[in-house]
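Biologist: Could we go through this model together? I would like to start with charges and rings.

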Amino acid sequence: MKKLLIRSACIGTIMSLLTACGIEEHPKNVEFPDNVSVTPEPEPEVPEEFSEVTVTSLKALANFPIGVAVPESLLTDTAHQDVVIQHFSQLTSENDMKMDAMHPSETTFNFAKADALLSFAEANNLTVHGHVLVWHNQIPDWMRNFSGDTNAWVAMMENHVTTIATKYAGRLETWDVVNEAFNEDGSYRGSAAGDDSVWYTNIGESFIPKAFTAARAADPDVDLYYNDYNLIWNSDKLDGVIQMVNDMQADGVPIDGIGFQSHITVNSPDISTIKAQMQKVVDIRPKIKLKITELDVRMNNEGDAALTTFTAARAEVQKQYYFDIVEAYLDIVPEDQRGGITVWGTNDGGSWLQYFPVPTVEWPLLFNDDFTPKPSLQGFADALEAANLVSPDETETPAAFFNTDFETDLDSWGPRGDASVTLETTEAHAGNNSALVAGRTANWQGISKSVVGLFTADESYNVSAWVKLSDDASTVTPSMKLTLEINHGAGDGTTEYLEMTAPVTVTAGDWVALTGTYNHTISTVANSANLYVEASETTVDFYVDDISITLAE
């Protein structure tokens, strides 16, 4: 059984029930028969035993996107990156592709943060779900204060949609085109007094089909979604959305799917309600897809008293609910209508629910604050595994981990440290392309790839790669090798640096083979594992090609 950290918090500022939170309770004196009063020693705390988590890759169990919403900080947090690469196949930006982030002034677009996320995703063989083109919330002040007639508002909105969708055409898997345009009673947001929607107020309900039409014109291949909260349980609201979809389809307006945000509380809604709501979408004709877009499960709801500790018992309840939700999705939604399942955040500490609707303490996701896996991750995985979505051959480690020739792209290889890694089309060991590594400032920097889950304990592997100095006239002769950095075991884990190939001296002008046999003796689950090529001299740039790892006979 794995011992997990339990996070506690004092939230006395929120509830008067907890005004004494943090005050030490003094042990009571005990009177023994001889009238000697003694104070017993407090018993040491025993860490709770949480159920074991054995899944090594969530995405490897699914044949549809398994996504996660990520903050900008992902790009500088290697621990976060390792978990994302290991378990997820699709990314959603939490905030950096929303209207205020991407269109800060009427004449200015800001693509920098979205570009960085797309580059990270592509380097690690991940797809991206765009969120969001049109929303009434998180819009820049200039949009909210825009003045003009209906035609001017339509032109402004269509310019926003067209510019951004064109910029990323061919690079995104899906877009949330319009977000949260309905009230809870199924009416359009903005149609009643007090509603807040500049789009409905200034354009009317036609803003939605106009946005979808503009998005399709900009990107003919991306799937276009309408996304909203409470659709997973609110029948009236979903009925209103479905009527909109029917009207759009009748008018020839493109729409590929509905997104159920699914910010829910443990065991509420019940599974029968979830299935009934999903079935409504499945029954739409022509068919559209259903995607769970923002799943998290609030746990701090024990009656009227706020919890301060996440117990093993509570973790099991959450594990079962995650299992039930994923199982319901697989039971109700046919394979050709599955848009995927995305969780809204990676670890509990980074969840928006820590602050919404008020500061509190929550445990809604699949990983603890330190990115160690929770039983909820296993619940999610168990539902996928029970459905047998992937054949045994497909569940083996992807071929790309065994053989990379760089003929089509970098195949998830990326920079380590300050190095840059680019696809080189003028130099190759075999074929047409290789990877060029440049800008290194330390020996250990080079080209790297996550290989979590690749190696099996007590197996031996043949490892090889080809390298060449980029300067044929160089007089520097660095020693080069392939190294495996692996962190494994409980808690913070143990990090080891293991030589995959013996160091080889490389001289200018020729391709040189790095070869070796590696015996994997580590039996504990890897928290992270990265294969990388390094060189003993920081002044050299070099090419890498034909990296291969195979089981030894």
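Modeller: A charge sits over a ring if NZ of Lys or CZ of Arg is within 6 Å of the ring centre and within 35 degrees of the ring normal. The charged end of R416 meets this over the ring of Y532, 3.7 Å from its centre. The charged end of K237 likewise sits over the ring of Y229, 3.5 Å from its centre.

Biologist: What kind of model is this?

Modeller: It is a predicted model, in which local features need pLDDT of at least 70 and side-chain atom pairs pLDDT 80 or more, while totals for chains, interfaces and linings use all residues. Residues are numbered from 1 along each chain as its sequence is written, and side-chain values use heavy atoms, leaving out hydrogens and water.

Biologist: How many aromatic pairs are there?

Modeller: The structure holds 13, counting rings of Phe, Tyr and Trp (its six-membered ring) whose centres lie within 6.5 Å. F310 and W363 form one that is stacked (planes under 30 degrees apart), with 5.4 Å centre to centre and 15 degrees between the planes.

Biologist: Is F310 buried or exposed?

Modeller: F310 counts as buried (under 20% relative accessible area, 1.4 Å probe, protein chains only), because its relative accessibility is 4%. W363 is also buried, at 2%.

Biologist: New topic: how many residues of strand β9 are buried?

Modeller: In β9, residues 223-228, 6 of 6 are buried; strands are DSSP runs (E, at least two residues), numbered from the N terminus. D223, Y225 and N227 lie on one side, and L224, Y226 and D228 on the other.

Biologist: Which residues cluster with Y226?

Modeller: F182, Y188 and Y200 join Y226 in one aromatic cluster.

Methods: Buried < 20%, exposed > 50% of the residue type's maximum accessible area, 1.4 Å probe, protein only. Helix = DSSP H or I, 4+ residues; strand = E, 2+ residues; numbered from the N terminus. Phe/Tyr/Trp six-rings, centres within 6.5 Å; stacked < 30°, edge-to-face > 60°.
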